[in-house]
Amino acid sequence: MDIVTVHNLKKYFGRGENQVKALDGVDLAIEKGKFTAIIGASGSGKTTLLNMIGGMDIPDEGEVIVDGVNLRGLKEKELSVFRRSKVGFIYQNFNLVSTLTVKENILFPLSLAGSTPDPVFFEEIVKLLHIEERLNAFPAELSGGGQQRVAIARALIAKPAIILADEPTGNLDSKSGQNVLGLLKLSVETYRQTLVMITHNLELAQMADCVVRIEDGRVRA
Ligand SMILES: Nc1ncnc2c1ncn2[C@@H]1O[C@H](COP(=O)(O)OP(=O)(O)OP(=O)(O)O)[C@@H](O)[C@H]1O
Ligand SMILES: [Mg+2]
């Protein structure tokens, strides 16, 4: 079963001679419960595609359906509900709030949504990601790998159907990158989530169930 389907997706930036066809007719299906890696040269459209799937940006043409929700026609408020309930994002630069502790960072999306955390699930995640000893630390006190594990916990806490990660190990050395990706894989398998990850690292892409290559705004067959 596919959790994401993308039809003829187009996104152009700019006008006239300077127009960039960031996405130029992408068709894609992502299978539920699988780990899909997106690879491709810099500027090929990977981040643009991920942002469309996550409802972070709106296409010029085409369709994105995520977990039964057609994003076309959702109003901004509905899109933000969609993002909060269905999607967990993980970024290259972690995007943690420096003035909040590890625990507060993990719970931040839930507090924004006004929901209360499931304490059992919280315990489980922080154990799985080896951060249970650092809950009162601030992000700057952790290593890059440690910060990314916190960001993963934050992405998982709302039990989203799909995790979207944009080069999550891009700022880590290769060993801690592999460790972090191993834990990310373990987490999504444990909670039967779907992981879509952009990476430049072909070694990491090999850990995926499925690899999609983007070239000049299209999926290369
Ligand atoms: N907001 C924007 N305004 C103008 N052009 C943009 C914008 N976002 C992306 N682009 C352009 O669209 C193209 C695709 O960008 P995108 O960020 O999706 O590439 P990418 O594959 O993620 O690259 P990288 O590997 O370097 O992160 C690039 O030419 C980029 O310059
Ligand atoms: Mg990118």
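Two strands count as a pair if DSSP finds at least two bridges between them. Keep that in mind for the first stop, and remember that what you have open is a predicted model.

**Stop 1: the hairpin**

Select residues 2-13, strand E1, and then 20-31, strand E2. E1 and E2 pair in the antiparallel sense, over nine bridges. Show the side chains and walk along the pair. Thr5 sits opposite Ala29 in E2, Lys11 is across from Leu23, and Phe13 faces Val20. Now look at the turn. Six residues lie between the two strands of this hairpin, and Gly14 takes a positive phi near 75° there.

**Stop 2: the rest of that sheet**

Add residues 61-66, which make up strand E4. E4 runs antiparallel to E1, and five bridges join the two. To find one of these places, pick Val4, whose bridge partner in E4 is Val66. Bring in residues 69-70, strand E5, as well. You now have an open sheet of four strands in the order E2-E1-E4-E5, with antiparallel pairing. Which strands stand at the edges? They are E2 and E5; each has a single partner strand, so one side of each is left without a neighbour in the sheet.

**Stop 3: ligand 1**

Click on ligand 1 and show what surrounds it. From the hairpin you have just visited come Phe13, Gly14, Val20 and Ala22, and the list goes on with Gly40, Ser42, Gly43, Ser44, Gly45, Lys46, Thr47 and Thr48. Colour these residues by class and you get three nonpolar, eight polar and one charged. E2 and helix H1 each supply at least two residues of this shell. Which element gives the largest share? That is H1, with three residues.

**Stop 4: the six-stranded sheet**

Follow H1 away from the ligand by selecting residues 46-53. H1 lies across four strands: E3 (35-39), E7, E8 and E9 (210-215). Its direction makes about 155° with that of E8.

Those strands belong to a second open sheet, this one of six strands in the order E6-E7-E8-E3-E9-E10, with mixed pairing. At the edges you'll find E6 (87-90) and E10 (218-220); each has a single partner strand, so one side of each has no neighbour in the sheet. Turn the view and look for the twist: neighbouring strands here are turned by 25° against each other on average, direction ignored.

For a parallel pair, select 162-166 (E7) and 194-198 (E8), which are joined over five bridges. Asp166 stands opposite Ile198 in E8.

Next, select residues 144-156, helix H5. H5 packs on the sheet, where it touches E6 and E7, and its direction makes about 170° with that of E6.

**Stop 5: H5 and its helix neighbours**

Two packed helices are described by the angle between their axes and the distance between the axes. Try that on H5 twice.

Start with helix H6, residues 174-190. The axes of H5 and H6 come within 10 Å and cross at roughly 15°. Angles under 35 degrees count as roughly parallel, so H5 is roughly parallel to H6. The crossing is right-handed. On the H5 side, show Gly144, Gly145, Gln148, Arg149, Ile152 and Leu156; on the H6 side, show Ser176, Asn179, Val180, Leu183, Leu184 and Ser187. By class, this contact has five nonpolar, six polar and one charged residues.

Now switch to helix H3, residues 102-113. H3 and H5 pack at an angle of about 30°, with their axes 7 Å apart. H3 also passes H5 in a right-handed crossing. Select Val102, Asn105, Ile106, Phe108 and Pro109 in H3, and see them meet Val150, Ala153 and Arg154 in H5. The class count for this contact is six nonpolar, one polar and one charged.

Note on methods. Residues numbered from 1 in each chain as written. Chains lettered and ligands numbered in written order. Predicted model: local features only at pLDDT ≥ 70, side-chain atom pairs only at ≥ 80, totals over all residues. Axes fitted to C-alpha atoms, helices over the stretch in contact; angles between N-to-C directions. Contact = placed C-beta atoms within 7 Å. Near = placed C-beta within 6 Å. Nonpolar A, V, L, I, M, F, W, Y, C, P; charged D, E, K, R; others polar. Parallel < 35°, antiparallel > 145°, perpendicular 65-115°, else oblique. Left-handed = near helix turned anticlockwise from the far one by under 90°.
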